[in-house]
Amino acid sequence: FDETAKKDFLHGAKIAYEKIVTAFANGNLMDIKILLDKKVFDQFNEALKERKKKGLISEATFIGINSADIKEYKLLNNIFEVTVDFISEIISCVRDKDKKIISGDPDKIKKVHDTWRFIKDVRSSNPNWLLIDT
């Protein structure tokens, strides 16, 4: 995992992070299904079902990523696993069915700290990494 590979990976990881955060906030997992491990997809899907059942509406505006740093990486049985610490800025809130804000602030940017783990089979021709943990 040389410096060029790290740089390329982080570039892709940042794009995936923004896509995944935005799609989850919008309740649209189909656009990102190819980026998610089945377990993560199922967890996200359950959270969206719960949100819908409660009549909650999520609003999010992705401002940008302040930093993305590789915390650790390892290769085991042809599977590369990389853990990344992200610091991003997002405007978000959740409203109830009457559009009353129950969490967040639609006018305030908040800093979000996330640690995500990605995997990729080094033998695969698929260029996508899979998110396996958030």
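Student: Which element gives the most to the lining of the largest pocket?

Tutor: In this predicted model, strand β3 gives the most to that lining, with 6 residues. As a general idea, rolling a probe the size of a water molecule over the atoms shows where empty space is left. Here, the largest pocket holds about 430 Å³ of space. The elements that give two or more residues to its lining are α1, α2 (38-53), β1, β2 (79-95) and β3 (101-121).

Student: How many residues line the largest pocket, and which lie nearest its centre?

Tutor: The lining has 21 residues, and Val21, Phe24, Ala25, Ser58 and Ser92 lie nearest the centre. By class, 12 residues of this lining are nonpolar, 5 are polar and 4 are charged.

Student: What is the volume of the second largest pocket, and which residues are closest to its centre?

Tutor: The volume of the second largest pocket is about 210 Å³. Its lining has 14 residues, and the closest to the centre are Gly12, Ala16, Leu35, Asn128 and Trp129. Helix α1 gives the most to this lining, with 7 residues. The classes are 9 nonpolar, 2 polar and 3 charged residues.

Student: How many cavities of 30 Å³ or more does a search of the whole structure find?

Tutor: The search finds 1 cavity of 30 Å³ or more. The largest cavity has a volume of about 30 Å³, and its lining consists of Val21, Thr22, Ala25, Ala60, Thr61, Phe62 and Ile90. Two elements, α1 and β1 (57-76), give two or more residues to this lining. The lining has 5 nonpolar and 2 polar residues, with no charged ones.

Student: Let us turn to aromatic rings. How many aromatic pairs does a search of the whole structure find?

Tutor: The search finds 13 aromatic pairs. In general, a pair of aromatic rings is described by the distance of the centres and the angle of the planes. Consider Phe9 and Trp129: their ring centres are 4.6 Å apart and their planes stand at 65°, so the pair is edge-to-face. The reasoning rests on a cut-off, because planes over 60 degrees apart count as edge-to-face.

Student: Where do Phe9 and Trp129 lie, and are they buried or exposed?

Tutor: Phe9 lies in helix α1 and Trp129 in the loop between β3 and β4 (130-133), so the pair ties together parts that are 120 residues apart in sequence. Both Phe9 and Trp129 are buried.

Student: What kind of pair do Phe24 and Phe44 form?

Tutor: Phe24 and Phe44 form a tilted pair, with 5.0 Å from centre to centre and 50° between the planes. Phe24 belongs to helix α1 and Phe44 to helix α2, so this pair ties together parts that are 20 residues apart in sequence. Phe24 counts as partly exposed because its relative accessibility is 25%. Phe44, at 11% relative accessibility, counts as buried.

Student: Which residues do ring pairs link into a cluster?

Tutor: The cluster is made of Phe1, Phe9, Tyr17, Phe62, Tyr73, Phe80, Phe86, Trp116, Phe118 and Trp129.

Student: Which charged end sits over the ring of Phe24?

Tutor: The charged end of Arg51 does, 5.3 Å from the ring centre. In addition, Lys33 lies over the face of Phe41, at 4.8 Å from the centre of that ring.

Student: Finally, does Glu3 count as buried or exposed?

Tutor: Glu3, in helix α1 (residues 3-26), counts as exposed because its relative accessibility is 59%. The cut-off for exposed is over 50%. The C-alpha atoms of Glu3 and Asp37 are 26 Å apart, with these positions 34 residues apart along the chain.

Terms used
Residues are numbered from 1 along each chain as its sequence is written. This is a predicted model: local features need pLDDT of at least 70, side-chain atom pairs count only at pLDDT 80 or more; totals for chains, interfaces and linings use all residues. Side-chain values use heavy atoms; hydrogens and water are left out. Helices (H or I, at least four residues) and strands (E, at least two) are DSSP runs, numbered from the N terminus. Buried means under 20% relative accessible area, exposed over 50%, partly exposed in between (1.4 Å probe, protein chains only). On a 1 Å grid over the protein atoms alone, a cavity is a set of points where a 1.4 Å probe fits but cannot get out, and a pocket is an open set with protein on both sides within 12 Å along at least five of seven lines; lining residues have an atom within 4 Å of a point. Grid points are joined across faces, edges and corners, and a volume is the space filled by probe spheres set on the points. Ala, Val, Leu, Ile, Met, Phe, Trp, Tyr, Cys and Pro count as nonpolar, Asp, Glu, Lys and Arg as charged, and the others, Gly among them, as polar. Rings of Phe, Tyr and Trp (its six-membered ring) pair if their centres lie within 6.5 Å; planes under 30 degrees apart count as stacked, over 60 as edge-to-face and the rest as tilted. A charge sits over a ring if NZ of Lys or CZ of Arg is within 6 Å of the ring centre and within 35 degrees of the ring normal.
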